Amino acid sequence: MRKLISIVTPCYNEEANIDELYQRIVEVMSRLDYDYEHVFIDNCSTDGSHAKLRGLAAQDRRVKVIFNARNFGHIRSPYHALLQVNGDCAVLIASDLQDPPEMIEEFVKKWEEGFKTVMAVKPESEESRMMFLVRRAYYRFVTRISEVPLVQNATGAGLFDRAVLDILKKIDDPYPYFRGLLCEIGFPIATVPFKQPRRQRGITKNNFYTLYDIAMLGITNHSKVPLRLMVMGGGLLAGLSLLAAFGFLIAKLVFWNSFQMGIAPLLISLFFFSSVQILFLGMLGEYLGSVHTKMRNMPLVVEAERLNFDQPGGAEDHGRA
């Protein structure tokens, strides 16, 4: 029997892109000597995505759909779908077409060469210049402080062998930083560079909060450096404060009548150290929040419905309904 590739596309309000995504994946897979299943996981869309997905599942049994009970976010939903697939490998690709489906051929070539993990990276992008530079700076920063080498400019799209998927199933993490987990596993990682196109239809679902959330997740899950910097920075500031206090004391004793400290240094010192304390408390809160999320041990996703998951995975069962 031919090997089975599971293609996972998470979506949320992508009604305008679903049909083109499906057709392009059909075209790509027709050129590869593999069976495949196409798993959509819908994160409780509010547009016409449900009807589109039901129509595709009705006409093509290779299309399998998971409908989430509510929106569980862009971190948990794709990860849950990867753990549900049956393939010898899984391909994760965005449904907004900013990860071109044609990259699947390059992913499979790397897989055939023996790589268990293949990741798409975007050394250049058609998105706004400022946003691209901010992302690039973040990836460089988090790579420097991470306890394991991370893949810079990775989009999250890629191919993951069954051996990787089996390891992921054993990792009990209800809120994972997926790109970091792949590096933690330790298998050699192949990369497929591409120029990320602009979104052609629909609007991005990312905002400041979601981007900040995943950025902090990458830091708190894979580095203790901020905590160590807070300890060392706090010690350094305490030492400087002690030296300044002794300096003012000596100046006052020597120039008792003429030395006037004034209110300005007090106010500046008060606001500075208060700001540092708030910053440190906020960073500690991020780590505590990460621990709290893991301690609750909530499921990644609660499913409302599945379509076509009762269909066998062999080539003879992948025809039209």
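1. The transmembrane annotation. In an unreviewed entry, UniProt assigns the label "transmembrane region" to residues 229-251 and to residues 263-288. In this predicted model, the chain over residues 229-251 is 100% helix and 0% strand, and the C-alpha atoms at the two ends of that span are 32 Å apart.

2. The annotated domain. The UniProt record, again an unreviewed entry, places "domain: Glycosyltransferase 2-like" at residues 6-126. Over residues 6-126 the model has 39% helix and 27% strand, with the end C-alpha atoms 28 Å from each other.

3. Confidence. The average pLDDT of the chain is 84, and 91% of the residues reach a score of at least 70. Residues 314-321 need separate treatment, since their pLDDT stays under 50, although the model gives this stretch 23 contacts beyond four places in sequence. Where pLDDT is low, the predicted coordinates should not be read in detail.

4. The second largest pocket. The volume of the second largest pocket is about 420 Å³. Its lining is made up of 21 residues, of which Tyr 175, Asp 213, Gly 289, Ser 290 and Thr 293 are the closest to the centre. Helix H8 (208-222) and helix H10 (264-296) are the elements that contribute two or more residues to this lining. Sorted by class, the lining of the second largest pocket holds 10 nonpolar, 5 polar and 6 charged residues.

5. The cavity. How many cavities of 30 Å³ or more does a search of the whole structure find? The search returns 1, and the space inside the largest cavity comes to about 60 Å³. The residues lining the largest cavity are Met 119, Tyr 139, Val 142, Leu 150, Val 151, Ala 154, Tyr 177, Arg 179 and Gly 180, and the elements that supply two or more of the lining residues are H5 and H7. By class, this lining divides into 7 nonpolar residues, 1 polar and 1 charged.

6. Helix H7. This helix, residues 178-185, is mostly covered, with 6 of its 8 residues buried. The buried positions in H7 are Phe 178, Arg 179, Gly 180, Leu 181, Leu 182 and Cys 183; Arg 179 and Gly 180 also appear in the lining of the largest cavity. Just after H7, Gly 186 adopts a positive phi of about 105°.

7. Helix H3. Why can helix H3 be called largely enclosed by the rest of the structure? The description holds because 8 of the 10 residues of H3, which spans residues 73-82, are buried. The buried residues in H3 are Ile 75, Arg 76, Ser 77, Pro 78, Tyr 79, His 80, Ala 81 and Leu 82, so that Arg 76 counts as buried at under 20% relative accessible area.

8. Positive phi outside glycine. Asn 153, which is not a glycine, nevertheless has a positive phi of about 65°, and it lies in the loop between helix H5 (129-145) and strand E6 (154-161). With a relative accessible area of 10%, Asn 153 is buried. Asn 308, likewise a residue other than glycine, has a positive phi near 70° and is found in the segment after strand E8 (303-307). The relative accessibility of Asn 308 is 15%, so this residue also counts as buried.

Methods: Residues numbered from 1 in each chain as written. Predicted model: local features only at pLDDT ≥ 70, side-chain atom pairs only at ≥ 80, totals over all residues. Heavy atoms only, no water. UniProt positions renumbered as here; feature names shortened; annotations may be inferred. Helix = DSSP H or I, 4+ residues; strand = E, 2+ residues; numbered from the N terminus. pLDDT = per-residue confidence, 0-100. Contact = heavy atoms within 4.5 Å. 1 Å grid on protein atoms, 1.4 Å probe; cavity = no way out; pocket = protein on both sides within 12 Å on 5 of 7 lines; lining within 4 Å. Points joined across faces, edges and corners; volume = space filled by probe spheres on them. Nonpolar A, V, L, I, M, F, W, Y, C, P; charged D, E, K, R; others polar. Buried < 20%, exposed > 50% of the residue type's maximum accessible area, 1.4 Å probe, protein only.
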